[in-house]
Amino acid sequence: MILILVAHTNMDKQDNQQQPSDQEQDSSIFQSDPYSPIKTPDNIPTNLFILPLRNIIIFPGMMFPVVVLKENLIETVRSSHSQTPYIGLIARKKTDHEDVLPQDLYEMGIVAKIHKIINLPEGGISLVVQGLKKMKVERYIRTTPHLIAKVRYIDDIIQDDDETKALFRNVQNLLKEIISLNRDISEDMNLVLANMTSPQVLTDFIASHFKMKLFDRQDLLETLDVKERLKKISLVLSKELNLLKLGDKIQRQINKKIEKSQKEFFLREQLKAIRKELGEGKDEKSLDIDRFEQELKNLPEYAKKGIEEEIKRMKLMMPESAEYHVIRNYIESILKLPWTKTTTDNSNIDHAEKILNRDHYGLERVKERILEFMAVRQLKPKGHGPILCFVGPPGVGKTSLGKSIAESLGRKFYRLSLGGMRDEAEIKGHRRTYIGAMPGRIMQGIKISATNNPVFMLDEVDKVVSSYQGDPAAALLEALDPEQNGEFLDHYLDIPFDLSKVMFICTANVLSTIPSALLDRMEVIDLPGYIPEEKIEIAKKYLLPKQIDENGIQPKNISINTETIKDIIMHYTQEAGVRNLNREIGRICRKIATRIARESNSKLCVEVNEKNLDKFLGPPKVFDEIVRRVQSPGVAVGLAWTSYGGEILFIESAKMPGSKSLETTGQLGEVMEESTKIALSYIRSHCSTFKLKKMPLKDIDIHIHFPAGATPKDGPSAGIAVATSLLSLFKNKPMKPRWAMTGELTLTGRVLPVGGIKEKVVAAKRSGIRDIILPERNKKDLDEIPKHVLKGLTFHFAETYPQVYELAFSKGRV
């Protein structure tokens with residue numbers, strides 16, 4: 001900004017000068033003639049005492065008070081004044097130390113006349129000096145005890161041409177605009193500028209009075225060409241003018257907003273008065289308060305007290321204040337919750353069973369559990385809601401099952417996806433101290449459901465992520481604990497809410513990523529993948545009718561038999577669920593819809609069979625490779641369990657001349673790596689048992705590979721399959737086709753039980769396996785598998801590996 005006061009030194013007891021008062025600054029500007037160049041006397045000496053200045057530069061014509069506190073500099077002033085009234089004033093380059101050396105000063109400064117010396121009561125002196133002429137130090141004659149230099153006086157270069165005149169006029173115009181925008185500058189300054197006809201004086205005047213850095217001010221002092229000085233001044237003034245214009249624009253916008261707010265306030269007050277005179281009712285604030293007090297009757301007693309206090313605070317506030325709207329939103333959030341609204345459960349068990357069977361095929365255990373819940377609720381209506389967790393691969397119907405359960409019970413359904421959630425406040429809400437705070441997702445779901453006993457699905461609970469913002473899984477502990485959720489406390493609401501009537505259903509693909517404390521609060525129900533026979537029924541009863549309806553065709557437009565659906569399942573999909581099957585059926589329906597639209601024949605009937613299936617879906621994507629791949633020695637078929645369900649696992653072994661090394665590939669985890677080493681060590685230590693002539697790894701290298709290398713694999717359940725693959729390699733004898741096995745192998749040859757039997761059996765059935773070797777202690781797990789899944793499968797049980805060997809390589813059933 002432009003300062004109408006003369007620049008001055010800072011008051012600092014470590015420095016030589018003291019900052020003058022505002023009164024001194026105001027008067028100093030008029031202590032010299034601002035309209036014409038200063039007349040320099042002819043008798044100014046060329047050898048001058050030098051007084052260093054800190055953070056100030058004095059220009060010709062400028063009269064200014066300077067306070068000197070340091071003793072040696074006071075002596076410099078007195079010694080100079082005793083010989084001549086003139087003294088050299090030069091700015092310091094560095095101000096970080098007290099001692100001043102010649103190299104710490106600029107080469108160019110000003111010669112000034114000392115008009116008056118005043119002794120100060122607290123010590124030190126005050127000088128009144130007037131800048132006369134620019135000078136340049138040629139050399140320092142003396143540096144102690146005083147700085148004395150030989151100087152050369154310098155005149156400005158003035159060119160009286162059109163460019164100089166144009167620059168001069170431009171500077172004057174810029175100053176006028178700045179004065180008009182800057183309220184700190186008196187309008188009288190325009191009169192001063194109007195009488196200032198010398199470019200030289202104008203530039204020195206601006207440099208003296210304009211706020212800028214010391215380096216820039218010194219640069220203007222050293223610029224002798226007045227035309228160049230005018231250019232530099234123009235640039236500085238243009239920048240300042242742009243800032244002032246921007247500031248003025250911002251101020252006008254602020255004033256406009258303030259005026260608008262004041263106008264709205266006055267209009268509201270007038271509207272209140274008019275309504276009061278006409279008797280037309282209350283204002284908006286009064287209406288809100290009346291509504292809140294009326295709805296307050298629906299709250300339980302423990303919740304009323306806090307809301308009544310908030311309503312009292314609301315009455316004392318203006319509707320225009322930000323805090324008023326925060327309190328209003330908070331009260332509305334509380335009142336919109338269904339504190340006492342409960343839907344009546346459908347107690348007809350037969351009706352519920354009919355709905356569950358209508359929407360889902362199979363899943364007998366889940367349906368049985370829901371019917372049990374309904375029976376218990378009939379006998380004990382005030383019991384806690386169950387907390388179930390459906391675990392299974394994608395596409396088996398976990399989410400849709402929740403909707404069917406809600407319909408069968410006659411309850412509202414709400415689904416909350418937890419996948420990728422990493423903030424604890426998403427579950428329990430933000431505290432009201434934060435701007436934009438809101439209730440957590442659980443309480444928002446309750447509000448949307450408009451009932452305090454909905455079926456609440458927490459989808460993908462195994463995908464919750466812990467981060468620096470907290471652990472959402474830990475926040476779920478209170479909500480999913482039947483002993484605690486009767487008083488669930490949301491951070492935003494800060495009033496306990498009863499969640500004990502809510503039926504929580506969680507879904508997950510795996511259990512390993514769910515914290516044990518959270519898993520302990522849930523009743524886990526496994527949903528294994530479907531076998532081909534189940535998929536056929538699901539496609540006929542659910543998927544095909546759904547796709548016919550979604551694609552705008554009629555059942556009469558498509559003819560597809562059971563064998564064709566089975567062909568789609570076996571050769572175009574490879575999954576535990578039915579999502580891909582649903583997509584493939586949708587593709588067929590869309591192609592038929594395209595034919596009908598193109599031929600404009602709504603009565604068209606298209607037959608889809610095994611012969612023309614590739615015209616709808618392209619060439620087959622999945623092939624039955626079990627028989628072909630197991631024909632080679634060194635290949636065994638294992639069974640694995642993944643988050644996508646059970647899978648068959650091929651294990652391939654190869655040997656070559658080498659140096660007794662074992663290499664494994666296929667992206668294996670540490671446990672599976674150890675299983676391969678255990679299998680090889682067991683075989684080497686029991687060569688005689690398997691009638692091996694040479695000890696394996698004596699003069700060879702062995703490579704064990706698990707195909708599908710892009711898929712991570714881990715766990716001990718492939719132990720017996722790895723040993724079988726190695727023995728098939730060493731004996732050059734392939735194992736029986738359509739046989740598969742799973743089980744952990746120890747160094748002593750024991751076959752230990754493993755998990756995921758149901759999923760593995762379903763995968764084996766789906767892949768065309770006929771015989772399965774299991775650990776003896778897994779025999780009990782077959783009781784949990786539906787009989788239609790076990791149909792067509794033969795199970796063999798083993799406690800030791802020699803039993804596995806005998807089953808896999810005997811001449812019996814293949």
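Biologist: Angles under 35 degrees count as roughly parallel, over 145 as roughly antiparallel, 65 to 115 as roughly perpendicular and the rest as oblique. With that in hand, how do helix 11 and helix 13 run relative to each other?

Modeller: First, the ground rules. This is a predicted model, where local features need pLDDT of at least 70, side-chain atom pairs count only at pLDDT 80 or more, and totals for chains, interfaces and linings use all residues. Numbering starts from 1 along each chain as its sequence is written, and side-chain values use heavy atoms, leaving out hydrogens and water. Now the pair: helix 11 (residues 349–359) and helix 13 (residues 398–409) pack at about 155°, with axes 8 Å apart. They are therefore roughly antiparallel. Helices (H or I, at least four residues) and strands (E, at least two) are DSSP runs numbered from the N terminus. Axes are lines fitted to C-alpha atoms, for helices over the stretch in contact, with angles from 0 to 180 degrees between N-to-C directions.

Biologist: Which hand is the crossing of helix 11 and helix 13?

Modeller: Right-handed. The near helix is turned clockwise from the far one by less than a right angle; anticlockwise would be left-handed.

Biologist: Which residues make that contact?

Modeller: Helix 11 brings Ala-352, Ile-355, Leu-356, Arg-358 and Asp-359, and helix 13 brings Ser-404, Ile-405, Glu-407 and Ser-408. Contact means heavy atoms within 4.5 Å. By class, helix 11 with helix 13 gives 4 nonpolar, 2 polar and 3 charged residues. Nonpolar is Ala, Val, Leu, Ile, Met, Phe, Trp, Tyr, Cys and Pro; charged is Asp, Glu, Lys and Arg; the others, Gly among them, are polar.

Biologist: And helix 18 against helix 20, at what angle do they cross?

Modeller: Roughly 45°, with the axes of helix 18 (residues 532–550) and helix 20 (residues 579–599) coming within 10 Å. That makes helix 18 oblique to helix 20. Their crossing is right-handed.

Biologist: What meets what there?

Modeller: From helix 18, Lys-535, Ala-539, Leu-543, Leu-544, Lys-546, Gln-547 and Ile-548. From helix 20, Leu-581, Asn-582, Ile-585, Gly-586 and Cys-589. The split for helix 18 with helix 20 is 7 nonpolar, 3 polar and 2 charged.

Biologist: You named a cysteine. How many disulfides are in the whole structure?

Modeller: The search finds 0 (a disulfide needs a pair of cysteine sulfur atoms within 2.5 Å). For Cys-389, the nearest cysteine sulfur belongs to Cys-506, 5.4 Å away. For Cys-589, the nearest is that of Cys-605, at 12 Å. Cys-589 is buried at 0% relative accessible area. Buried means under 20%, exposed over 50%, partly exposed in between (1.4 Å probe, protein chains only).

Biologist: Switching to helix 16. How many of its residues are buried?

Modeller: In helix 16 (residues 472–479), 6 of the 8 are, so the rest of the structure largely encloses it. Those are Pro-472, Ala-473, Ala-475, Leu-476, Glu-478 and Ala-479. The cover includes helix 14 (425–428), helix 15 (441–449) and strand 9 (455–459).

Biologist: Now loops. Where does Ile-44 sit?

Modeller: Between helix 1 (22–28) and strand 1 (47–53). Ile-44 is buried, at 11% relative accessible area. Beyond its neighbours within four places in sequence, Ile-44 touches Tyr-86, Val-111, Leu-132 and Tyr-153.

Biologist: And Met-317, buried or exposed?

Modeller: Buried, at 16% relative accessibility. Met-317 is in the loop between helix 9 (301–315) and helix 10 (322–335). Outside four places in sequence, Met-317 contacts Lys-285, Glu-323, Tyr-324 and Ile-327.
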